[in-house]
Amino acid sequence: MSKALGIDLGTVRTGIAVEVLGIAQPLKVLTVLDEELVREISAIATEVGATEIVVGHPLRLDGTEGEAAMRTREIAEAVHAATGKPVVLWDERMTTVQAERSLVGAGLRRRKRRSVVDEVAATVMLQSYLDGGRDKR
């Protein structure tokens, strides 16, 4: 049975979500960068028994890759090299917006939203993948 780990890379914080019985659940937020980030993601993937890693791919609205998408691709390749697990780049356009809206709707204050929006965005992105993307690969 497969188990996916979802990663929403940010410039300061990286949200992590994990699949539990086909449902994405928020796991944690990391505040480390690139090389240390790859090590942390690898350790988490091992710890939770992930069989695949889904990394949010921040494409521009027109579908092209910008600087952030290229950085994401590089980190995804490094994670694959470090873990040996399949790494999927998944379109994450609008996931942070969706996460922010759901947190506002839940009544969270701005300061609290800032601390959890990244793991919620990772959860939204991973659930999108689980809801149909896994079958389209």
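Select D34 to begin: at 35% relative accessibility, this residue counts as partly exposed. Keep in mind that the model is predicted.

**Stop 1: D34 and its partner**

Show the side chain of R71 as well. D34 and R71 form a salt bridge, and their closest N and O atoms are 2.9 Å apart. D34 belongs to helix 1 and R71 to helix 2, so the pair ties together parts that are 37 residues apart in sequence. R71 is partly exposed too, because its relative accessibility is 23%, and the band for that class runs from 20% to 50%.

**Stop 2: along helix 1**

Stay on helix 1 and pick E36 and R39. Their side chains meet in a salt bridge, 2.8 Å from N to O. Both residues lie in helix 1, three residues apart, which is about one turn of the helix. E36 has a relative accessible area of 30%, so it is partly exposed.

How many salt bridges does a search of the whole structure find? The search finds three. The pair not yet visited comes later in the tour.

**Stop 3: zoom out to the whole chain**

Switch to a cartoon. The chain has four helices and five strands. Trace the elements from the N terminus and they run β-β-β-α-β-α-β-α-α. Colour by accessibility next: of the 137 residues in the chain, 42% are buried. Now draw the surface. About 7600 Å² is exposed, and carbon and sulfur atoms supply 53% of it. Contacts are worth a look as well. Among those with a separation of 6 or more, 63% are between residues 24 or more positions apart.

**Stop 4: the sheet**

Hide the helices and select the strands. They form an open sheet of five strands in the order 3-2-1-4-5, with mixed pairing. Strand 3 (23-30) and strand 5 are the edge strands, and each pairs on one side only. Look along the sheet to see the twist, which averages 25 degrees from one strand to the next.

Bring back helix 1 (residues 34-48). Helix 1 packs on the sheet and touches strand 1, strand 2 (14-20), strand 3 and strand 4. The direction of helix 1 makes about 140 degrees with that of strand 3.

**Stop 5: strand 4**

Select residues 52-57. Is strand 4 largely enclosed or open? Six of its six residues are buried, so strand 4 is largely enclosed by the rest of the structure. Side chains in a regular strand alternate between the two faces of the sheet. Check each face in turn. E52, V54 and G56 are buried on one side, and I53, V55 and H57 are buried on the other.

Now look at the neighbours of strand 4. Strand 1 (residues 4-8) runs parallel to strand 4, and four bridges join the two. One place to click is I7, whose bridge partner in strand 4 is V55. Strand 5 (residues 87-91) also pairs with strand 4 in the parallel sense, over five bridges. Here, G56 has W90 of strand 5 as its bridge partner.

Follow the chain out of strand 4. The path goes through helix 2 (residues 67-83) to strand 5, and this β-α-β crossover is right-handed. Helix 2 lies across strand 4 and strand 5, running at about 170 degrees to strand 4.

**Stop 6: H57**

Select H57, which sits in strand 4. Why does H57 count as buried? Its relative accessible area is 8%, and buried means under 20%. In strand 5, the bridge partner of H57 is D91.

Expand the selection to what H57 touches, leaving aside neighbours within four places in sequence. The contacts include L89, W90, D91 and E92. E65, A69, T72 and R73 are in contact with H57 as well.

**Stop 7: the remaining salt bridge**

Two of those contacts are worth keeping on screen. Which residue forms a salt bridge with R73? The partner is E65, and the closest N and O atoms are 2.4 Å apart. Side chains of opposite charge can pair when their charged atoms come close. R73 is partly exposed, with a relative accessible area of 34%. E65, at 27% relative accessibility, counts as partly exposed. H57, in contact with both, is buried.

Technical notes. Residues numbered from 1 in each chain as written. Predicted model: local features only at pLDDT ≥ 70, side-chain atom pairs only at ≥ 80, totals over all residues. Heavy atoms only, no water. Buried < 20%, exposed > 50% of the residue type's maximum accessible area, 1.4 Å probe, protein only. Pairing = 2+ DSSP bridges. Right-handed = clockwise from strand over helix to strand, strands pointing away. Contact = heavy atoms within 4.5 Å. Areas by Shrake-Rupley, 256 points an atom, 1.4 Å probe, with all protein chains shown as cover. Axes fitted to C-alpha atoms, helices over the stretch in contact; angles between N-to-C directions. Salt bridge = Lys/Arg side-chain N within 4 Å of Asp/Glu carboxyl O.
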